[in-house]
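This report looks at how parts of a protein chain meet and at the surroundings of its bound ligands. The sequence and structure come first, and the description follows.

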Amino acid sequence: MVEKRVWCGICEASCGLVATVENDEIVKMRPDPDHPQSKGFACPKGILFPEVLKDPDRLRDPMKRQPDGTFEKVGWDEALDDIGRRLKTIIDEHGTESVGCGLGNANAWNYGAFLTLFGMATALKTKHYYTASSIDINGYWVVSQLLYGNNLTNPFPDFARTDFALVVGANPVVSHGSMATIGKIREAMLDITERGGRVVVVDPRRTETARLFEHQPILPEGDVWLMLGLLHTIVDEGLEDRARMTEQASGVAFALDLVRDVDMDRVAAETGIAADDVRQLARDFAGARSANLYGRCGASLGRFASLTKYLMDVINVATGNLDRPGGMVFGRPMVDLEFMTKILGASGYDRWRTRVDGIPEVIGSSPWATFPREVATPGKGQCRAMFCVATNAAMTSPDTEAMEAAFESLDLFVSLDPYITETNKHADYVLPPKMLYEREGFPVFTQSHNAVPHAQWTEAIVSGPPNVRDDWRTLDDICKRVGIVPSGAPGAQLMGKIGIRLPPSLGVDLFMRIGPDGDLFGLRRRGISRKKLIERGGPITFSDHCPTGVIRKKIHHKDKLVHLEQPMFAGELERLKAMRTADPEHPLRIFSIRELRSQNSWLHNVDKLMTGKRSCRLRMNPADADERGLQDGAEVRITSRWGAIEVPVEVTDEVMAGSVGLNQHWGHKGGWRRANAAGGARYNDLVPNDPALIDKVSGNAWINGIGVSVVRAPAAPDAAEAGGEVDVVQVPASVGQGTTT
Ligand SMILES: Nc1nc2c(c(=O)[nH]1)N[C@H]1C(S)=C(S)[C@@H](COP(=O)(O)OP(=O)(O)OC[C@H]3O[C@@H](n4cnc5c(=O)[nH]c(N)nc54)[C@H](O)[C@@H]3O)O[C@H]1N2
Ligand SMILES: Nc1nc2c(c(=O)[nH]1)N[C@H]1C(S)=C(S)[C@@H](COP(=O)(O)OP(=O)(O)OC[C@H]3O[C@@H](n4cnc5c(=O)[nH]c(N)nc54)[C@H](O)[C@@H]3O)O[C@H]1N2
Ligand code: SF4
Ligand SMILES: [Mo]
């Protein structure tokens, strides 16, 4: 029996854990009390992850879809050879631009897969590279590129030293933080109020976070108006820090003039917040010694997500809070992703547009919302094949039915995933990966937003089922069969021709070794490298906080200034003003609810995470329920202009009148039996993929704030008469043969 210090790669918190390993199996997980950032914190998902590794529904062999829709085991060579042959035919007939790649959220902690899939898309020179960012955070990537010169330059809130945290559309107590890897985030926020500071949470729901602090309810999608109201007040009352602004940024006059004539009555109507309250909030924020305005999913899944993010960043700059202790700070990564994406030619915006809808590229990718039309629309560049890694896009993207139909109609669909999901049940092949702890890992993405700069690189601590493989290796094996190297690195294709293919760990190690803390290949004796970190067997800390006063080094623009003059947002503002948001037929605005014991659409198959009163239900304010004659527990039909679903309603004043909240990603119909049995319905059945209804600037999906009507559900037809549930994938008994349950 041995204990190994590892880090959890399920969510961005990337907590330190200690695993007890016995007979090549993790028998226990506990929080790592000595971890510099998570300091002894871990959530139930992290502790219970070994259950996933031994889940009987986990795939342990490559699976091939049969004509009747079921899956059967197949050998790796047979699968890879067939995939290679079919891919070659497609490339020969339609070009590499007809082949696509799909990258899901779980890649964020699987750098090998992440870099290899991105490399594959680059080598294929395809526009069909779709990522979870386009259903999450594309607005961030765009604004960062425009303002700071790189998609991945993302300042984050310094909770440890702030006097005022304004949290808009984020629920860190449940999500454990996103684009902010703070560690023990709940405690870090409670500390703010304990030392006399303030935390204001702007959210249509009195969330687990809002309950602990000052809650300011807002109508879904009202954030862009709130930001306009805040910035307008700052400008109107002269609260901006001009001197600091001019020192840090160009385009100051543009940004401030933009909001000069904002109508505060309209702000009140669109947010549901009294104009005087908005003004007071602006004064308090601007007047605080240090403050940060931080927004996440609640602010990034609306139709004006990019404009919202732009305004947030302007407010942080205008109040002097960028790059100062307690404000928004720049990360201090060991592997400089910004530099890396620059070298690989990855970072950028609007260097090309999508073929059918003409949506601007973001960090080299196209949005999932456009995918069904890219598959259905004939012509040069039509998408005919997809390679997806760790994504359940059919479940998590807009218009789930259109997504499923698109995946089903491909000539070739290969998915790398440990489960048969709602997405890859349409695949020709599903190829099983080595999962977390069965592969080595360095959290290359989240180390860019670590509040406590530290590095931890772990090797595989268990070997996993005998017939699963590293995702990156599977991708590389496929690429080999069509003569490409899955890399965008200069010279990679040439090297491939003489048989040299470098593993992704080498690249990450290289950037670490030449980075700020690297060993410079021996020149810096105390510097770090992959080898040194693995040998160390635990994290190494570099400082207690991220440095401030570093803006000149962090900005990628030549003049080293934040570029606030972005005329595109003047256009967006005009579009916003002209838009009428009220839809009398669908008067309630729906928003998503993320749960403590889920990770997006997966982990619903872990029995121990599904216990208790968990269910998929609509949360509705008593006033709205009374108006509709709905009692708590009634089955209701939720209808948007694009779809309808049925779930029970919970009547609760936890949600603001006029808004309704629904769990995301239930209603499973895949090969995960426990998840299927949990029932519920799919939020994204209600969500449009119309290109006119996504965030125009970034292509990000519109998910929160959609208008819906809610009525008592018509009595359900007799299940036998209706034919029962037919869509569930039958998993052959062979799938379940793994370690014990
Ligand atoms: N336990 C758990 N943790 C997770 C995940 C998970 O599924 N489960 N997923 C991970 C992922 S991929 C991400 S991106 C992060 C997300 O991290 P967060 O963004 O912190 O998490 P969400 O729960 O999506 O928070 C969004 C909040 O916005 C509110 N909201 C919805 N619509 C609006 C709106 O229009 N305006 C405002 N102001 N608020 C609104 C919601 O009520 C919710 O409280 O969480 C990560 N961590
Ligand atoms: N309604 C609504 N929709 C949303 C959101 C919302 O708030 N509301 N949030 C959005 C957000 S923030 C995100 S990030 C997206 C997420 O969208 P996706 O990335 O499509 O969804 P996930 O459920 O995270 O999918 C992860 C997949 O990875 C697989 N997986 C896990 N580990 C591994 C591994 O090691 N290797 C491989 N190959 N596969 C693995 C899992 O089985 C699962 O199928 O959803 C978005 N969709
Ligand atoms: S909070 Fe996130 S990283 Fe930490 S243990 Fe839970 S799932 Fe893992
Ligand atoms: Mo996400």
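## Ligand surroundings and a domain interface

In this predicted model, the shell of residues around ligand 3 is made up of eight nonpolar residues, three polar residues and one charged residue. Its members are Cys-8, Ile-10, Cys-11, Ala-13, Ser-14, Cys-15, Phe-41, Ala-42, Cys-43, Lys-45, Gly-46 and His-176.

The domain assignment of the chain places domain 1 at residues 2–53, domain 2 at 154–329 and domain 3 at 582–722. Read against these bounds, Cys-8 and Phe-41, both in the shell of ligand 3, fall within domain 1, whereas His-176, another member of that shell, falls within domain 2.

Domain 1 and domain 2 also meet directly, with eight residues of domain 1 in contact with ten residues of domain 2. The area buried between domain 1 and domain 2 comes to about 810 Å², and carbon and sulfur atoms account for 53% of it. On the side of domain 1, Glu-12, Gln-37 and Phe-41 together provide 60% of the area buried against domain 2, more than any other three residues. Phe-41 therefore appears in two settings, for in addition to this part in the interface it is listed among the residues around ligand 3.

The centres of domain 1 and domain 2, taken over C-alpha atoms, are 33 Å apart. As for polar interactions, zero salt bridges are found across the interface of domain 1 and domain 2, while five residue pairs, with both residues at pLDDT 80 or more, are in polar contact there. The side of domain 1 that touches domain 2 consists, by class, of four nonpolar, two polar and two charged residues.

Turning to ligand 2, there are 35 residues around it, of which Asn-105, Asp-417, Arg-439, Ser-601 and Asn-684 come nearest. By class, this shell holds 16 nonpolar, 13 polar and six charged residues. Some polar atoms of the protein that lie by oxygen atoms of ligand 2 are set out below.

| Residue | Protein atom | Distance to an oxygen atom of ligand 2 |
|---|---|---|
| Ala-390 | polar backbone atom | 3.4 Å |
| Thr-396 | polar side-chain atom | 2.8 Å |
| Asp-417 | N or O atom in the side chain | 2.7 Å |

Of the 920 Å² of accessible area that ligand 2 has on its own, the protein covers 98%. Asp-417 is thus both one of the residues that come nearest to ligand 2 and the owner of a side-chain N or O atom 2.7 Å from an oxygen atom of that ligand.

How values were computed:
Residues are numbered from 1 along each chain as its sequence is written. Chains are lettered from A and ligands numbered from 1 in the order in which they are written. This is a predicted model: local features need pLDDT of at least 70, side-chain atom pairs count only at pLDDT 80 or more; totals for chains, interfaces and linings use all residues. Side-chain values use heavy atoms; hydrogens and water are left out. Domain bounds come from an automatic or database domain assignment. Contact means heavy atoms within 4.5 Å. Buried area is the accessible area (1.4 Å probe) that two parts lose on being put together, summed over both. A salt bridge is a side-chain nitrogen of Lys or Arg within 4 Å of a carboxyl oxygen of Asp or Glu. A polar contact is a pair of N or O atoms within 3.5 Å; within protein, one must be able to donate a hydrogen and the other to accept it, and residues adjacent in sequence count only if both atoms are side-chain atoms. Ala, Val, Leu, Ile, Met, Phe, Trp, Tyr, Cys and Pro count as nonpolar, Asp, Glu, Lys and Arg as charged, and the others, Gly among them, as polar. A residue is near a molecule or strand if one of its heavy atoms lies within 4 Å of it. Accessible areas come from the Shrake-Rupley method with a 1.4 Å probe; for residues, only the protein chains shown count as cover.
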